[in-house]
Amino acid sequence: MEEITKSISFDGRDIGLRVGLLAPQAGGAVLIESGDTSVLVTATRAEGRPGIDFLPLLVDYEERLYAGGRIPGGFLRREGRPPDRVTLTSRLIDRPLRPLIPGWIRDDIQVVATTLSMDEQVPPDVLAVTGSSVAVLLAKIPFFGPMAAVRVGLVGDDFIINPTYKEIKNGDLDLVVAGSPEGVIMVEAGANQLPEQDIIEAIDFGYEAVVDLIRAQREIIQELEIEIVVAEPPQENSALIEFIQSRTTEKIQQVLTQYEMGKPERDAALDVIKEEEVLAPIAQLPEDDPIQTVISEDGKAISRIFKDLTRTLMRNQIVVDGVRVDGRKLDEVRPVSCLVDYLPKRVHGSALFNRGLTQVLSIATLGTPGDAQDLDDLHPQDEKRYMHHYNFPPYSVAETRPMRSPGRREIGHGALAERALIPVLPSKEQFPYVIRVVSEVLSSNGSTSMGSVCGSTLSLMDAGVPISKPVSGAAMGLIKEKDEVRILTDIQGIEDFLGDMDFKVAGTDTGITALQMDMKITGLSLGVIADAINQARPARLHILEKMLATIEKPRPDLSPYAPRLLTMKIDPELIGLVIGPGGKTIKGITEETGVKIDIDDDGTVTIASTESENAARACQIIQGMTRKLSPGDVYVGKITRVIQIGAFVEILPGKEGMIHISQLADYRVPRVEDEVAVGDEVVVKVREIDNKGRINLTRLNIHPDEAAAARVAAGVAGDS
């Protein structure tokens with residue numbers, strides 16, 4: 001089978017597309033490459049299942065550790081549950097792809113991206129996003145594309161396209177921008193408190209590269225003589241539309257203009273209208289009525305038309321009157337309130353954040369270096385010392401459903417809040433704790449992810465984590481009707497559900513730390529995006545002001561139940577001595593002192609305990625074990641064992657030497673027991689350290705001043 005290739009270059013970084021050879025039974029397949037990173041992306045379409053009333057698009061990103069020349073860990077030695085980063089990449093592909101596939105499609109569509117090779121220089125995620133567009137086009141799936149994505153980094157003062165992992169780590173920006181021919185369709189970013197204008201310029205810079213990738217896709221599609229398929233939407237039954245509109249339009253408008261009505265009351269009122277004005281009257285119609293025929297063929301038609309009508313009326317109210325369903329102005333934030341130290345100090349820090357009906361309880365926990373999360377994926381980062389986890393229980397939206405492991409949404413929202421706070425966290429050297437924050441969504445009515453950012457900031461400050469600046473966040477929305485555009489500040493649930501954009505912006509008073517923009521339309525101009533970013537700033541600062549009125553700065557003291565950490569450095573060559581054979585030595589220290597000990601490969605020893613005395617004792621033991629001795633050093637030690645030819649003395653915690661019987665006194669000692677006994681404290685001098693590391697001691701030729709200094713150092717008195 002003949003393979004067709006296409007290549008495009010960005011500042012010396014090439015992206016190649018290869019189609020026609022791999023996965024011939026898939027609807028469409030492309031191998032997209034850059035450097036030694038290769039990602040196979042396929043798209044397949046199957047006949048739809050009965051009763052489906054949504055777009056059944058399934059996107060899976062697969063990571064194989066052979067791509068990086070590695071064998072998986074664990075008992076099975078094969079890839080198992082996908083790591084969070086893999087789930088996040090699946091979402092990254094899905095978010096710009098989904099708005100471009102017509103929402104009325106009911107066939108099953110699956111996109112699978114598999115990283116086959118990776119050189120640890122080129123991240124595969126943006127390649128997979130672009131590859132998904134090519135695969136969908138090749139599969140002749142209806143599509144408002146092509147679509148492409150690039151990553152933008154900032155090195156010094158220069159933006160670069162598709163930076164390496166090292167450039168991302170050392171830079172101040174990690175931004176992914178995806179776009180269609182209509183404009184920008186998705187933005188995902190982490191930034192080191194960059195000004196709004198820098199972010200806007202970065203998006204513009206990235207979209208220029210997106211346009212080039214779209215052009216390359218069109219060329220390869222033309223070469224293959226494949227047409228881009230755009231299906232016509234199905235037409236709703238006009239009689240049913242007229243029936244619903246005539247009976248409900250005025251009543252829905254009345255509900256939407258009762259601004260004092262809360263979300264539960266509004267939802268209940270709309271349900272009553274649908275039941276009394278639509279469902280009940282239709283049930284009374286004769287069986288041979290045309291409307292009854294429509295409903296019997298399409299059981300979802302009533303709900304779909306009623307939702308579309310509500311959507312239209314809500315949007316017209318915003319566009320024409322400039323008033324939202326809760327009476328707010330377009331740039332107005334809902335009431336904000338905050339509480340800290342809400343839970344007992346058994347938890348190390350807690351905060352309750354409320355914005356309108358959205359309520360998030362965030363809890364911060366401090367752990368030891370050994371609590372860091374090990375990462376077993378293709379990314380060069382091998383551990384995380386800050387983790388943010390987000391939980392969204394069904395009661396938060398007055399629903400019931402089984403509670404299982406976190407889904408993609410929970411993982412994605414947690415990662416966004418995590419990314420927003422990383423730039424303000426203290427360094428490992430400044431604050432060696434591992435930090436975990438859990439955000440429990442107790443009530444949801446729009447932008448719980450930004451509520452999690454605010455709640456997490458407060459809980460970290462309550463826990464005494466010395467963050468450099470507090471972070472707040474706001475979610476922006478959009479209503480676009482033809483040429484009329486309205487940007488909404490702090491969107492609530494109905495505006496997210498029936499609107500065109502969900503644009504989350506988090507940052508400090510200095511600049512932006514995280515962005516996430518998702519669209520329901522096929523593209524947006526840079527000017528509108530810039531307006532949304534700039535309109536978010538006063539909202540963020542308003543929320544930040546409310547937060548700082550609750551707690552102005554991180555607490556100076558940690559919870560009494562948080563571990564206290566002592567750090568020290570030892571010679572890396574002595575790590576094995578501290579650990580001991582099979583971990584015997586370090587286990588003995590922890591059992592004796594009740595502390596937790598972590599040792600890094602560079603010789604950094606971290607000792608954790610809620611009792612400072614125990615931590616100091618463990619530190620003393622390790623210092624003693626690792627202290628380098630020299631002949632002539634004088635110590636006060638304790639006799640630990642007596643044998644026929646001498647006595648063993650513990651001169652430092654965990655370090656023993658032996659006094660030969662001939663070195664016990666300046667006269668002949670008949671028996672060791674005549675001179676010393678177990679438990680005696682003696683002043684000894686290091687006579688020699690032999691080639692096997694054994695320490696030989698003596699009690700001879702010790703000057704009185706040396707003995708006195710040794711007693712002072714050991715904190716003992718008296719003669720030995």
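Reader: Which residue does Arg95 form a salt bridge with?
Author: In this predicted model, Arg95 forms a salt bridge with Asp518, and the closest N and O atoms of the two are 2.5 Å apart.

Reader: And where do those two sit in the chain, in which helix or strand?
Author: Arg95 belongs to helix α1, which covers residues 84–97, while Asp518 belongs to strand β21, residues 512–519, so the salt bridge ties together parts that lie 423 residues apart in sequence.

Reader: Are Arg95 and Asp518 buried or exposed?
Author: Arg95 is buried, and Asp518 is buried as well.

Reader: What about Arg419, what does its side chain meet in a salt bridge?
Author: The side chain of Arg419 meets that of Asp174, with a distance of 3.0 Å from N to O. This pair also links distant parts of the chain, since Arg419 is found in helix α9 (residues 408–421) and Asp174 in strand β9 (residues 173–180), 245 residues apart.

Reader: Why does Asp174 count as buried?
Author: Its relative accessibility is 14%, and because buried means under 20%, Asp174 falls in that class. Arg419, with 24% relative accessibility, counts as partly exposed instead.

Reader: Which residues do salt bridges with shared partners join into one network?
Author: The network is made up of Arg95, Asp125, Arg151, Asp174, Glu188, Arg419 and Asp518, and it therefore takes in both of the pairs we have just discussed, Arg95 with Asp518 and Arg419 with Asp174.

Reader: How many salt bridges does the count come to?
Author: The count comes to 49 salt bridges.

Reader: Let's go to the start of the chain then, what does Glu3 pair with?
Author: Glu3 and Arg18 meet through their side chains in a salt bridge, at 3.4 Å from N to O. Glu3 is in the segment before β1 (4–10) and Arg18 is in strand β2 (residues 13–19), which puts the two partners 15 residues apart.

Reader: How accessible is Glu3, and how accessible is Arg18?
Author: Glu3 has a relative accessibility of 26% and counts as partly exposed, and Arg18, at 29%, counts as partly exposed too.

Reader: New topic, where is Asp690?
Author: Asp690 is placed in the loop between β28 (681–689) and β29 (695–698).

Reader: Is Asp690 buried or exposed, and what does its side chain contact?
Author: Asp690 is buried, its relative accessible area being 18%, and a polar contact of 2.7 Å joins its side chain to that of Arg694.

Note on methods: Residues are numbered from 1 along each chain as its sequence is written. This is a predicted model: local features need pLDDT of at least 70, side-chain atom pairs count only at pLDDT 80 or more; totals for chains, interfaces and linings use all residues. Side-chain values use heavy atoms; hydrogens and water are left out. A salt bridge is a side-chain nitrogen of Lys or Arg within 4 Å of a carboxyl oxygen of Asp or Glu. Helices (H or I, at least four residues) and strands (E, at least two) are DSSP runs, numbered from the N terminus. Buried means under 20% relative accessible area, exposed over 50%, partly exposed in between (1.4 Å probe, protein chains only). A polar contact is a pair of N or O atoms within 3.5 Å; within protein, one must be able to donate a hydrogen and the other to accept it, and residues adjacent in sequence count only if both atoms are side-chain atoms.
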